Structure formats: structure tokens, C-alpha cells
Amino acid sequence: MDEKYFPEKIEEKWQRAWAESGAFEVEPDSDEGARPKFYCLEMLPYPSGFLHMGHVRNYAIGDALSWFKRLQGFNVLHPMGWDSFGQPAEQAAIKRGVMPREWTEANIEKMRGQFRRLGVSFDWRREIAAHTPEYYKWDQWFFLKMLERGLIYRKNSPVNWCPLEETVLSNEQSSGGVCWRCGASVEKRDLEQWFVRTTDYAQALLDDMKEIEQGWPERVLTMQRNWIARSEGAFVDFQIKESDERVRVFTTRLDTIYGATFVCVSTEHPVLEHALLKEEVRRFAERVRASRAAAVGAPGEVELKEGVNTGLFAVNPFSGEQVPVWAANYVLMEYGTGAVMAVPAHDERDFEFAQRYSLPIRRVIERVSHEQEQIAHDPVSRDQSAVMPHAFTDYGILVNSDDWSGRLSEDAKREMAESAKSKGFGESAITYRLRDWGISRQRFWGAPIPIVYCDGCGAVPVPEDQLPVLLPERAEFTGAGRSPLAGVAEFVNTTCPKCGKAARRETDTMDTFVDSSWYFFRYCDPKNVDAPFDKEAARYWTPVDQYIGGVEHAVMHLLYTRFWTKMMRDIGLVGFKEPVKRLMTQGMVVAETFYRDGEDAGSKVYYNPADVDVVRDERGRVSSATLVADGLPVTVGAFEKMSKSTNNGVDPDEMIQAYGADAVRIFSLFAAPVENDLRWQEAGIDGALRFLRRVYSTVHRWHAALSDAARDAPALEELADEVRGLRRMTHRTIRRVTDDLEEMHYNTAIAALMELMNALGDAGLAPEKASASERFVVREALESVVLMLAPFAPHAAEEMWEGLGHAGGILGSGARFPRADEELAKRELLEVPVQVNGKLRSRLSALPEATEDELRASALADEKVRGFIEGHEIVKVIVVPRRLVNIVVR
């Protein structure tokens, strides 16, 4: 063991040792008394070409848990792969003239090297990449299986189109009217698309949340519930006047239908086909489409409710009243039926719209009196806009509703739906906001859709024995809207699997979220050529015990993968409903931004922190910042997520070279709770390095002397107070760190290790003077520290473990995470005498750190003491911490 801590030397040594020994390679245990399994997984990265500090934090979180579970005796699967299909590779092909495969695989090689330098404990034998035929063959196989079950279909549909990436986006990927990847405003286009019937599983996705609600963040579950959005209500058909057309609406408040004073439809509703011939309606529809593409809120959420009278009238099927049909910007074709019955007296959006356009507001629900279920209102006029400051949205009792007046809302909803069904103009219904998943993408770099088009046979699935449908090695990337695959004749031109005649391949590829919906099952059996994975291997390893990733995937990846698992259950591949037992969504890494105003108004030119000379005060605040290149000042902006756009990213390789991988890992886990954002400060890494050096130098100073430490634990009474306190502190720390690691409270676990090292220093022991018993206590403390440090700083821990006399590495030597002795972990209580007027009357049991106020309160509440002070005036209470309480009375 070297005297000084040299991170680069130590980390290279142990990374090489781990690779040679296969330290992190695992297989299912089949022996009797097998170890419990633990599957730890972080969301797989896109191979952009380099890791950033957000990656470092994400994978350090998972690696700490993986090490902890191994040391607890679990058989831990901790794999790695690449979400390697996607648009950036095609953009690189356009800009750099390099094929997507070359660009992707070069990036994977670079990032793999960075992961190895970080020392992350992956089983690299299980590495997968979505762009390899061995993987995407099974994307295609799943497509065919879902096609067989009617879960995939093709239709012409308005789709979300990203004009920058020139491809289709799902609703989840275009939430807020912007592309989830590049931020461009999304447009609507009509295209033939392939869809997955995720709506078939909408109720299961809601019902099965009960299986994961204990292990998933409530925030994520709430986001999914809101996205699926189950609504119970009724469909009702409004007949268009002087037409055979009907407008079907869905309402959750059928009890208010007599208050419907107009109908609102989406600007894309087919009923407007003729109304759009009117110039005013056509212009409004075009304006709504344009503004919707630029929207930044949730779909349909607009600040100003606007509309135009179409000139059409619809007949209320209950009242027979003719009401005008309006086209409105807050009604979306993709939600519900694309039409709503507008009841302004009882819906806030309709109320706002009606006030803007002076439309009638008719109250048909009154509040029920508390004393009895009778109408509690004054007679009301037909148009009550003057007396209603806002919509009344509660349930109540029906008024102004013909024969339905007097019924309670809950009863009326049910009875009116039954009436509508019996008369043929409506029915009870359950609807969901969730829509089917459009998976067609106009890209080259994705899994080809296994369909061919034959003039005689139509759309024909590619037989399973002809999978995979391979991507061509090369294509022409022009940036035009159609898929580059359409220009590769040898790919497009094929023969029909049914009739053998000339046919054309589908040139769209699958959404990359298909690849990531099932990848963690492939890790269980990554080399299988006959199936996506072996069922027995999946039965052993899955579900995933702990999944780690960003909350931004709540209604995309995390929803899709839940759907995919249910689909796989239904085709017999797995036997459970939910893919992940516990989910942790980590916070982002944010850093200061430095900029100067750009030439264009409102624009900024950002500078990387490495290019800025920053002077800070004693509290770490920036007092000046100048650009190194010219010495001129730059503005210090807010802390923001590390990104290319703000140029505030930090290269992990530079940090590893300067401080070592272990210090970088410790800082990323210590600086903030893992679920919170982490503020990047390089000074924090320096602090982590100092801590590691302190532990390392302490181990080096003691390691030779510990070889003849006592083998049996000494009796506590044999030890001096400071040494006995150190032993108790060791076991309290073990208990605390164990609990913290179980809950992934890494920052407090590391803080506890720092406190234990402080206690070791405070014990005042020296290797050359310590007795055999004292050496036992020090050895116990240091070995415990090293093993508890291994999840955070594995390289340094390995080196110190070896220095303490253990050969074969931590895992190779069979080391286990230390277990706390609960008796020793208990706080050592002091016996504090309590006097009354100087005479001993009782004794208190108190913690050493008990405050004066706590000791005073305990003494005054003591039963024995109270017998001597009751009826007397307490003059004063003298407290000597840890030693004495004296109560003076008269």
C-alpha cells in the first residue's frame, strides 16, 4: 500500500483487476440456498458521444446501490446498453457526411471508455445496442405479434409533425406543442401511420398502479393518471339542423344538458366541411392550427378562449332546442369526440367563452339545502349571466330541466343516460385522454417496420423466418421530409411473401421508444437468437428491483414500458403485470451560466465555465468573472441544467483526470439528496478528494499495526471512555449508513462516514502505543469505514481493503457489509444525579448530548424529585451537563 493516495494509479489497477476477474459478471443462482437476486438498472443512455455530469450522477446512484446489495449477499444484475437509434445520428449524417452507424458506434466506443474510467460495475458481457440487427429483429418480432392480436393497425390520421427533425411525434412526445427532443413548434399533418392500441390497456394501466404505488414516486403516478385521464359519463348525439349529420359529444355532466346553450367543435371536426367554405370560419381554423403549433402549455389550454359561429345549428336531443354550433380553439379533435356541449352556467371554460361572445347562460343546477333535499334558490331567469359571477360546477338538484327538474345530479346522470340509450341518441360511456401510440417515423435510423405492400395482396407482414428486415449500410441524407429509406432501391424493392410478385417495403421506421420499452428483459438473455429472451432467465431476474432515471420520462418511456410488459404477459413471455418494483427519479445537475449579450436583441452568447476566470468571496459568491481569452467581463447567469445551449457542461474526463473517479462520484452523491437538483461546484470535488485522502492516510498509518490486533472483541469496561465511545460510534454508524443506503439517502450516509472518521481522530490513539484491545476497536472502525465506503468510492476502498490484509479484492474475498451490534449501537446513557437543596434525591438516565433544558425538564418531572419539591417555591435549577442537576427550593 503506497503511503500517498494516487487516484489514477489506484483506479487503473482495480479497473484492470475487475475486468480480469469478471468481478461483476453474474448468472442466475440454481443451487439450493441460492442468494436472493437484485436487479438494479439505470435508464440506458443515448450515445451522443460523451458523458456529462448528469450521466455521472445517474450511474453513480445505481452503482452505489449495486455495490451495497452485493455486499449484503445479493446476486446483483447491473447491466448497460445503448438507446442507439434516433434522429441525432441522421443529423450528423447530414452535417458531417458520415453514416449513422459509423457515428453511433464511434460514440459508443468513446462513452464505453468513459464508463470504464468511472469504474461503474456493469456486467459488460450483457451489453446491448438498439441499432444492432440482433436487437431490432425482436422489435420487428413484437410488431408482428401485436399485429396478429389486433394491437397494431394502420390509418390515415392527423399526426404531430416536427418540422426541424422532419418526423412524426406521439402525443407524449409533443406535449405542450413542442418537440420533446429539439423544442421546435409542432405542426399537424395527415399521414398514413402505424398505431399501437395502447388504449386497450388504459384501464389496466390505471388499475395496476396499486402494485407499484409503494415503490414509485407519487409525482410520476399522478402524471400518468392525468395523462390516461379516465372519465365516466355519456355520449350524446346532437342532430345538425336540416342535415343527416350528427355531432356526438362526450360529457361527464349529463345532468346539465338542459343548460347547453351552444355546441363547440374542434376546427378539425368533419362537421365543418361545408362551414369552412365561409371565409370567416376558414380563416379562424387556419389561425387556430398555427397558434396551436406554437403553444407552450398543455394541449387545449389556451389563455384566451376564442371561437367563430359556423352558422350551423344542432338540436338538443333532450329539450329539442336548436343551439348554434361554434368552432373553438379550446376543443381538440384528438381528445374526446372533438366536440362538447357548452353549458356556461356549470363549466368555467364555457362560462368564459359565453361571456366573451354574449351567449346565453342558463342555470340548471341549484345547490341542495343542508336541512333537506329541497331546492334552495330563488326563481331564476332564462339568461342569468347578470347574476352569475362565475360558473357553479358542484353537483346539486336539477332546475329548468322539464320533467327532470327536482332530481339530484347523481341520480339524473344515470337515469338520463338510460333514457338516451333507450331512445337511440346516446349511452353511458367511459373515455380516456390516452390515445393510441403512433410509432411510424420518417427516419432511416430506426428499426424497419416489417411490412411489404403488394398491389394484389395489400399490406403483408414479413414472415418471422425472414426477420430481421435489415437496414441498408448506406443511404442519401438530404434533410427532405421523406424517409431516406425511400431512396434506397435495393431496400424498397422486394417480393410479396404471399404471391411472390413485386412489392415495396414500408419505408417508415419505428419510434425509438419501442426499443426502450423492453430492453431490460433482453439484458437477462442478451445473446439469444431464438427468442427476445429466455422465459426462465426473465423469471429469475425480473421485475427490475430498482430503476433510476429522469422524471421527464413519466408519460413516455415509463408509460410505454408498463404497457409493453402487460402485452408480453398476454402473449405468455412473462408472468407479472409491472416491470419495475421501485423507481427513483434523480434531480438534474445544474451549473452557473456565463454570457454576454449577442448582436440580436435579446440573444446571448454563452461561455463554458472552463473559459471564464472567476473570483469568489469567502462565501463562494462570484465577485468578478472575466473571459480568459480577452480579460473582459462576462455576466453571471442563473444555475441551469447542463446543456449545449447554455454551454455550461463539465467534462467528466477532465474532472477524473484532476481529482480521480472516486472523488467525482462522492461529490455527485454527497452534494445533494439524489432526488434534488445538484448545484455543480468544483470546490465540492476538492472536498471529496480531501476526505478520501484522510481516510486513506489513516488506513496507511494503522495498517501495519493492526496485524496483531486482538481477535476477540474486548469487554467494554476494559476500554477507556473515548475508545468505548468509538466502538459504539462505529456500530451506530453502521446502522445509520445501512438504513440510508436502503433508502438511497447517500448524502447523509457519506456524512455519517465523515463523522465516524472524526470520532476516530478524537479518540487520540496512536498505532505505536495502542494496546491489542484498542487496535481491535480501530481495526473494526477502519474495516467498517472501508466497506461502507465501497459503494461510493470502490477503487479507493479496494486498495485500502487490500492494505488491511485482505487478498482477492472486496468481492473476491467474500467480504460482507458490516452488521451493527444493536446493543453497541444503542446510545450510551449517563447516570446524572439530581439533588434538591444539595441532597441526592434521584438519578436520571440521559444521553451524553442531552441539553441543559432537557436535563432540567427531566429532573423536574422525576417522580422521586417531585415529592421533595411540591409545595415549595423553586428558586433556581443548576445544571452541570453530563454531571449534575441541583434544584434549589424554599
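In which helix do R112 and E109 both lie, and how many residues apart are they? Both lie in helix α4, which covers residues 100–118, and they are three residues apart, about one turn of the helix. Their side chains meet in a salt bridge, with 2.7 Å from N to O. E109 counts as exposed, because its relative accessibility of 51% is over the 50% cut-off. Side chains of opposite charge can pair when their charged atoms come close.

The model discussed here is predicted. The protein has 890 residues, and buried residues make up 54% of them. Its secondary structure comprises 25 helices and 37 strands. Along the principal axes, the C-alpha trace spans about 105 × 90 × 70 Å. Among contacts with a separation of 6 or more, 72% are accounted for by residues 24 or more positions apart.

The protein is divided into five parts by an automatic or database domain assignment. Domain 1 is made of 139–197 + 436–512, and domain 2 of 230–266 + 309–428. Domain 3 covers 589–670, domain 4 covers 697–812 and domain 5 covers 830–889. Taken over C-alpha atoms, the centres of domain 1 and domain 4 are separated by 59 Å.

The salt bridge in α4 is one of 63 in the structure. Another is formed by R779 and E783, whose side chains meet at 3.0 Å, N to O. These two residues both lie in helix α21 (residues 772–789), four residues apart, which is again about one turn of the helix. R779 is buried, because its relative accessible area of 13% is under the 20% cut-off. E783 is buried as well, with a relative accessible area of 17%.

A third pair links distant parts of the chain. The side chains of E742 and K69 meet in a salt bridge of 3.1 Å, N to O. E742 belongs to helix α19 (residues 721–742) and K69 to helix α2 (residues 53–71), with their positions 673 residues apart in the sequence. Are E742 and K69 buried or exposed? E742 counts as partly exposed at 27% relative accessibility, whereas K69 is buried, with a relative accessible area of 7%.

Salt bridges can also be joined into a network. One such network links D208, E211, R562, K566, K577 and E578. Within this group, K577 lies in the loop between α15 (557–570) and β25 (580–585). K577 counts as partly exposed, at 31% relative accessibility. What does K577 touch, not counting residues up to four places away in sequence? The residues are D208, E211, R562, T565, K566 and R569. For T565, which is 12 residues from K577 along the chain, the separation of the two C-alpha atoms is 6.4 Å.

Helix α15 also packs against helix α7 (residues 218–228), at an angle of about 75° and with the axes 10 Å apart. That angle makes α7 roughly perpendicular to α15, because it falls in the range of 65 to 115 degrees. On the α7 side the contact is made by V220, Q224, W227 and I228, and on the α15 side by L558, L559 and R562. By class, these residues divide into five nonpolar, one polar and one charged. R562 is a member of the salt-bridge network described above and also takes part in the packing of α15 on α7.

A second helix pair can be set beside this one. Helix α17 (residues 661–670) and helix α22 (residues 794–803) pack at an angle of about 120°, and their axes are 7 Å apart. The two helices are therefore oblique to each other. A661, D662 and R665 in α17 meet P794, H795 and A796 in α22. The contact of α17 with α22 has three nonpolar, one polar and two charged residues.

The last stop is strand β36 (residues 874–880), where K876 lies. K876 is partly exposed, with a relative accessible area of 47%. Not counting residues up to four places away in sequence, K876 touches N886, I887 and V888. K876 and V889 are 13 residues apart in sequence, and their C-alpha atoms are 7.3 Å apart in space.

Conventions:
Residues are numbered from 1 along each chain as its sequence is written. This is a predicted model: local features need pLDDT of at least 70, side-chain atom pairs count only at pLDDT 80 or more; totals for chains, interfaces and linings use all residues. Side-chain values use heavy atoms; hydrogens and water are left out. A salt bridge is a side-chain nitrogen of Lys or Arg within 4 Å of a carboxyl oxygen of Asp or Glu. Buried means under 20% relative accessible area, exposed over 50%, partly exposed in between (1.4 Å probe, protein chains only). Axes are lines fitted to C-alpha atoms, for helices over the stretch in contact, and angles run from 0 to 180 degrees between N-to-C directions. Angles under 35 degrees count as roughly parallel, over 145 as roughly antiparallel, 65 to 115 as roughly perpendicular and the rest as oblique. Contact means heavy atoms within 4.5 Å. Ala, Val, Leu, Ile, Met, Phe, Trp, Tyr, Cys and Pro count as nonpolar, Asp, Glu, Lys and Arg as charged, and the others, Gly among them, as polar.
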